Amino acid sequence: MMKMRCRIMGRITVFVLVALAGLAACSSPPPEKTVQTWTNPISLPDEWEDYGLGDPYVFFFNGYYYLYVSTRDTDAGVKVWSSPDLVNWTYRGLCTEEPLTAAAYAPEVRYWNGKFYMYTSPAGQGHYVLESVSPVGPFSIVTDNFGMSIDGTTFVDDDGQWYFYYAGPMGIQAAKMDSPISVDRDTVTTEAYMGGWTEGPTVFKRNGRYYMTYTGNHVFSEGYRIDAATSESPLGGFITFADNPVLIRTEGKTVGLGHNSVVIGPDLDSQFMIYHNLEGPGVVGPLRHMDMDRMVWNGERFTVWGPTSEPQPAPELPAFADRFERDSIGDAWWGKEKNGAWSILSGQGLAVRPDFGVVSKRLTKAKSEASFTAAFNVRLAEGTIGLSEGKAGAVFSYQDESNYATAWLMPDSNRLVVDIYEKGKRTMAGQADLPPGFDLTQWHQLRIEKAAGDLRVYVDEMLKVTAKTSLAGGRVGYAAEKSDAVFGYIAFSNKVNGSSAYAAYQPLPGTIQGAGFEEGALRNTDAVKKENDAADSLEKARVGTALDSSGRFWVADLQKKEWLSYLVRPEYSGTYSLSFRIIPGDKGVKFRVTQDGSIMASIQASPGMKPDTWQTVTVSGLSLNAGSERWKLEVEEGSMNLDTIQVSPYTEVTATEDTFDDGNDFGWTRYEGVWSVKEKQLRASSATPAKSVIGETGWTDYTVSADIMRVAGEGQAGVLLRVTDAADGTKINQNRADFMKGYEAYADAEGIHLAKFNYGSEVVASVPYPVDSMAKEQWLRLTVKARGTQLDVYLNDSADSVIHYVDDSGSPFLHGKAGLRAVDGAARFDHFEIRP
């Protein structure tokens, strides 16, 4: 029989080493301006009925985003939508009606040298390539079925080498491509693997490293999820992120999250992960819809601000943009006299016929700041006189005719040339060969990233030139010499290399990166500013201090009166826990968090027993209001290092007992196994692994106890705690017993163990039984006390714990449900109890 006792708390409790001072509910934020939003999951007009928007793929071309999704099993053709901003989508119809595209799974499109190439695996039975001269089709099949399973994706490296990735039996496979329509038959295993069926790869490159996201294990599982890995090679050696999955949810408004694409936001700097959620079986196949959440970088690692399910502000737009969808150039543009003949070509863009012997330039009146990102789309006119000697390209950082920079596409040499003019003196900042056969009469995108003195120039996403420059910001625009040219979408944003994240409001619950502060008052402010002027990246400039072994920044040596501010957006009004991962200084630290001048929490922490060891201190029961807020963290006494702030839902622990005397296990959620209640005991058969949980996700500190018996002394049986994101790992032949996050204390033939689960498991501590006879079939009582990151395991009536473990990793589990589990043998359970 289950009994539940509500404990009334007279005060808000804080972890050991933490002193509570003046907790107050946050004041209501000021009224916000009406802004456009999106809300997950996203449904669109004309989506596949009873099938939705599965496997969404989004890419950006010449000012517009294009969305392609999997085709319903009973139909042929691929649907496409377009959007200028990732929020407002227009249905563009079927981009192909080829009969072979029946049940076209996971179509993806890449632009290359004047053509669009679509890769899809109809019904998952091998791949075809389709080709078009427009992103909205019509696409025609140009290859036979070349196999390679399902979920093919492409990546083009900086040298123009193409790669193909697909789902293999032991993870994601990769192969070189001889051309956009020819895949090498020699494939390699990338080592991106989820311990089960792994699919849906996406590959991209950032700061010289290769990144892959991928999905598994089954599309009909609530535990479908997204992992990430990184490598120094596009063909293998991918090392998984330590805190995988990067995106998962098994309960709530959206579950079964996976098969993503990654795209740059409208501001040219932010990144978004586009993925789908599972809504259950449709009439034909799974019913899914599209979701979108922001990706934010910290050094060499990214996190996803999600999954969100409340309205989110629309992605930020660039500071300036023009698609030339009008009849005249307009007053947003500036140009000198005798500067060539400029006009708008309907349906094409801005066109120029240069004056003889003159570099013709057309520039925006708007000016960029010193650090910016800009995008340009350029093509030389076909058949113009002097084409072999002509050139066209982008102008940026324009101050006057003596101080500016250009990025030229040179058809005679098939090269990119970047020139910088300072005080009238020309310097070639860099040049690079373009891929063989590059046709410069087709559209090509130039992308300029200028982070203070660092310059990067890309052509069609290939990094071609890096250079140093002392130029500031200025006007941007287009230029041509000795050749007619046409120019498409142009935009710039005063953000670069992910800096837009510092001005974005992070949705909560979530983990705030300490290094992701919006502003800060540090004693080394001048030094940071100087480093900013010469830094390789803005991340180094902002933090300028410490990197962990995974390439992630943390804030070092915050001293008295130094402060940092963070922009946050609680998704709902409610009660939360804030957990700070810190290293207190030699004399400890006292710090506080305020919002609009009101003290949210004041925390005091002493040095740990081991110097330079991370510890986590938590404030629970904190009321937060939904909406945008600015938090200020300030050191009052002492010093500390700051890694992360984990913001989690909080629910007061309810004392719970279940003796199963009433013959049922009402209130429990069974995820795996064959469970029954007999003879006033909860029983798990030996047929399959068994897992069942009870309680609330927001429970933090508690003690959980249960009597357990391993029938015939076989297998393992134990108690679970801090369980979140649980799913049935045996569902649909997935054959997994580790689908959850949390901890388990369990007994087996060898002794008592403590394991940590994160869709995978690791034994973190073990002890043998006190006497050998305890390994035989008999009742044991296991008790686990969880206080912050400290876990203590007790056996029977022992006064002292047999296992004491502190999870000082970067991802301790600090809240979640409790439960019971059995693996590899039958087990019995009784007298289950949870105490606050």
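An open sheet of 4 strands, with antiparallel pairing, follows the order β16-β17-β18-β19. Its edge strands are β16 (198–206) and β19 (239–240), each of which pairs on one side only. The model described here is a predicted one. Within this sheet, β16 is joined to strand β17 (residues 209–216) by 7 bridges, and the two run antiparallel. T198 stands opposite G216 in β17.

## Strands and hairpins

Strand β8 (residues 115–122) pairs with two other strands named here. With strand β7 (residues 104–112), β8 pairs in the antiparallel sense over 7 bridges. E108 has Y119 as its bridge partner in β8. The strands β7 and β8 form a hairpin with 2 residues between them, and N113 in that turn has a positive phi of about 55°.

Strand β8 is also joined by 5 bridges to strand β9 (residues 128–132), and these two run antiparallel. Here F116 stands opposite S132 in β9. A hairpin is formed by β8 and β9 as well, with 5 residues between them; in its turn, A123 has a positive phi of about 55°. As for the surroundings of β8, 7 of its 8 residues are buried, so the strand is largely enclosed by the rest of the structure.

Further along the chain, strand β61 (residues 779–787) takes part in two pairings. Strand β56 (residues 702–710) is joined to β61 by 8 bridges, and the two run antiparallel. Y702 stands opposite A786 in β61. The pairing of β61 with strand β62 (residues 790–795) is likewise in the antiparallel sense, over 6 bridges. In β62, V793 is the bridge partner of V784. The strands β61 and β62 form a hairpin with 2 residues between them, and G788 in the turn has a positive phi of about 60°.

The three hairpins are set out below.

| Hairpin | Residues between the strands | Turn residue and its positive phi |
|---|---|---|
| β7 and β8 | 2 residues | N113, about 55° |
| β8 and β9 | 5 residues | A123, about 55° |
| β61 and β62 | 2 residues | G788, about 60° |

## Aromatic rings and charges

A pair of aromatic rings is described by the distance of the centres and the angle of the planes. A search of the whole structure finds 42 aromatic pairs. In one of them, the rings of Y398 and Y404 have centres 5.5 Å apart and planes at 40°, so this pair is tilted. Y398 and Y404 are both buried. Y404 also pairs with Y421: the ring centres lie 4.6 Å apart and the planes are at 20°, so this pair is stacked. The Y404 and Y421 pair links distant parts of the chain, with Y404 in strand β32 (residues 403–410) and Y421 in strand β33 (residues 415–422), 17 residues apart. Y421, like Y404, is buried.

Elsewhere, one aromatic cluster is formed by Y57, F59, F61, Y66, Y68, Y111 and F116. F116 is also the residue of the β8 and β9 pairing that stands opposite S132.

Charged side chains meet aromatic rings at two further sites. The charged end of R379 sits over the ring of W443, 5.2 Å from the ring centre. The charged end of K756 sits over the ring of F813, again 5.2 Å from the ring centre.

## A buried threonine

T594 is placed in strand β47 (residues 574–595). Is T594 buried or exposed? T594 counts as buried, because its relative accessibility is 10% and the cut-off for a buried residue is under 20%. Leaving aside neighbours within four places in sequence, T594 is in contact with I599, M600, R630, W631 and K632.

## Cavities

How many cavities of 30 Å³ or more does a search of the whole structure find? The search finds 3. The largest cavity has a volume of about 210 Å³. Its lining consists of 21 residues, of which V296, W305, Q513, G516 and F517 lie nearest the centre of the cavity. Several elements contribute to this lining: β22 (286–298), β42 (510–513), α2 (538–543) and β46 (563–570) each supply at least two residues of the lining of the largest cavity.

How values were computed. Residues are numbered from 1 along each chain as its sequence is written. This is a predicted model: local features need pLDDT of at least 70, side-chain atom pairs count only at pLDDT 80 or more; totals for chains, interfaces and linings use all residues. Side-chain values use heavy atoms; hydrogens and water are left out. Two strands pair if DSSP finds at least two bridges between them. Rings of Phe, Tyr and Trp (its six-membered ring) pair if their centres lie within 6.5 Å; planes under 30 degrees apart count as stacked, over 60 as edge-to-face and the rest as tilted. Buried means under 20% relative accessible area, exposed over 50%, partly exposed in between (1.4 Å probe, protein chains only). A charge sits over a ring if NZ of Lys or CZ of Arg is within 6 Å of the ring centre and within 35 degrees of the ring normal. Contact means heavy atoms within 4.5 Å. On a 1 Å grid over the protein atoms alone, a cavity is a set of points where a 1.4 Å probe fits but cannot get out, and a pocket is an open set with protein on both sides within 12 Å along at least five of seven lines; lining residues have an atom within 4 Å of a point. Grid points are joined across faces, edges and corners, and a volume is the space filled by probe spheres set on the points.
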